[in-house]
Every structure is written in structure tokens, then in C-alpha cells.
Amino acid sequence: MPLMLVLAAAALGLSACEQKPVNSAPPEEITAPAPAANPQPDVTAEPVERAAPPVIKPVALGEFEPGNPVAIAVTGKLTIEDATLKGENGASFTTESVALVSGGDPYMEGQTYAQVMQIAADQPVELRRVLEETPPTQAPANALCGGSRTGYIALAKVEEGDDGIVKLIGLKGTDLPAANASGIELCASTFYIASKAAEADKDAGKDDGKK
């Protein structure tokens, strides 16, 4: 064999021996960074101020004389306070104001406060949910909703001549009175007249304040 061929064959063999084997190991596992620690509230931050829910102002407060036989039977003289209605005959209602609506609003399908209370469509009406009820203890003793629990009481105060008149209706049912309410029924509709004695006391108080 010529010397040049021998040297070429030897070089090829040496080159083959020096080739590195192919790396067949799997790639290193990629590890995600550790999640950040849960952020702690900043005790130095100013508190977020939230608007307080609107306060429903009562449409009527004070003592009122019964204006018809229905009012005499369900309460007698009526005292209206922020969260209670108390009758002279022992009847009482613990209430919470839930809405201020208008006379033209429906309390059930096809029936509005204006129709049953005989008030204007834009007359404010305070709607109270009855939380607790005590029936009358003195005759005549007719509960507002008879043998059923009173669910809601609606109140409106209007001026008729020289008198302040409180219109009141009792409703039974648990749904909030509205056009699509279910189970709402009218129990009774009645009215009361501002107590003359209470009005006299108010006027006397005004006069004392002027002195």
C-alpha cells in the first residue's frame, strides 16, 4: 500500500476515535420560581371610606287619634316612633323602615298605595317591615291583619284642612311589596288624626322658645 494511503487511513481512524458520544441524558428540569408570599395589609394605609346607606326619614312621628272605627279597633290612640307603633289598646308593632315609595307605586300587581290610601300619586309613603307584633289586649280588639301576622305597614301623612292625617294600611306577606310580589294581600286601611293635645304641647313649646 502506498505510504500516502496508509497515512490517510490512520488519520481517519484517529478522528473517529476522538468523536465525543452524543449526549442522550434528558435536559435538566425547569423549575418555576417560588410564588411570592401572600401580601400583608399595609397598616399605615388610610382606611377606605364607604358611603353610609341612606337613612329613611319617618313620614310621621307622635300621637294620633283614631279617625274611624277600624282605627279604634286595631289600636285606639296610636303613638308612632322611629321603630315602633303602639296602640292605646295594647297593640304594638316593632318595625324597621325598608323603603320610601310614592303613592303611585304598586304594592302588588294592579294595586297602588294611592288607590287604597286615597292619596296623590307623588305623596311619600314610608314602608315598614313588621319584625314583632303584639295583638290588642283591650276591647274592641281586632288585630290589624286578623288571625294572620302583619308583614308590612305603610304610612303617609297628608294635610286636610287644619288637620294632619296619617293614612295607614296593613299588608300580610313576606315578599317586599311591589308589582311582582308574591303573597302580598291588603289587610286593612285606616287613618288617624294628629292628637290635638300633642299639637297644643308643640305650640306651647314653640311659644316658650320665643320667650
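## A bridge between S4 and S7

The side chains of Arg 129 and Glu 96 form a salt bridge, at 2.7 Å from N to O. Arg 129 sits in strand S7 (residues 124-134) and Glu 96 in strand S4 (residues 92-102), so the contact ties together parts that are 33 residues apart in sequence. This is a predicted model.

Both partners have some access to the surface. Arg 129 has 28% relative accessibility, so Arg 129 counts as partly exposed. Glu 96 is at 33% and also counts as partly exposed. The limits behind that label are 20% and 50%: partly exposed lies in between.

## Strand pairing around S7

The two strands that carry this salt bridge are also paired. S4 and S7 run antiparallel and share 10 bridges. Within that pairing, Ala 99 stands opposite Leu 127 in S7.

S7 has another partner. Strand S8 (residues 152-160) is joined to S7 by four bridges, again in the antiparallel sense. Here Glu 126 faces Leu 155 of S8.

## A buried pair

Glu 126 also takes part in a salt bridge. Its side chain meets that of Arg 128, with 2.9 Å from N to O. Are these two residues buried or exposed? Arg 128 has 0% relative accessibility and counts as buried. Glu 126 is likewise at 0% and buried. The cut-off for buried is under 20%, so both values qualify.

Strand geometry offers a general point. In a regular strand, side chains alternate between the two faces of the sheet.

## A bridge from S1 to a loop

Lys 77 and Glu 65 make a salt bridge through their side chains, at 3.7 Å from N to O. Which parts does this pair tie together? Glu 65 belongs to strand S1 (residues 62-66), while Lys 77 lies in the loop between helix H2 (69-74) and strand S2 (78-80), so the link spans parts that are 12 residues apart in sequence.

Lys 77 is partly exposed, at 24% relative accessibility. Glu 65 is partly exposed too, at 30%.

## The overall count

How many salt bridges does a search of the whole structure find? The search finds six. Among them are Arg 129 with Glu 96, Arg 128 with Glu 126, and Lys 77 with Glu 65.

Definitions and conventions:
Residues numbered from 1 in each chain as written. Predicted model: local features only at pLDDT ≥ 70, side-chain atom pairs only at ≥ 80, totals over all residues. Heavy atoms only, no water. Salt bridge = Lys/Arg side-chain N within 4 Å of Asp/Glu carboxyl O. Buried < 20%, exposed > 50% of the residue type's maximum accessible area, 1.4 Å probe, protein only. Pairing = 2+ DSSP bridges.
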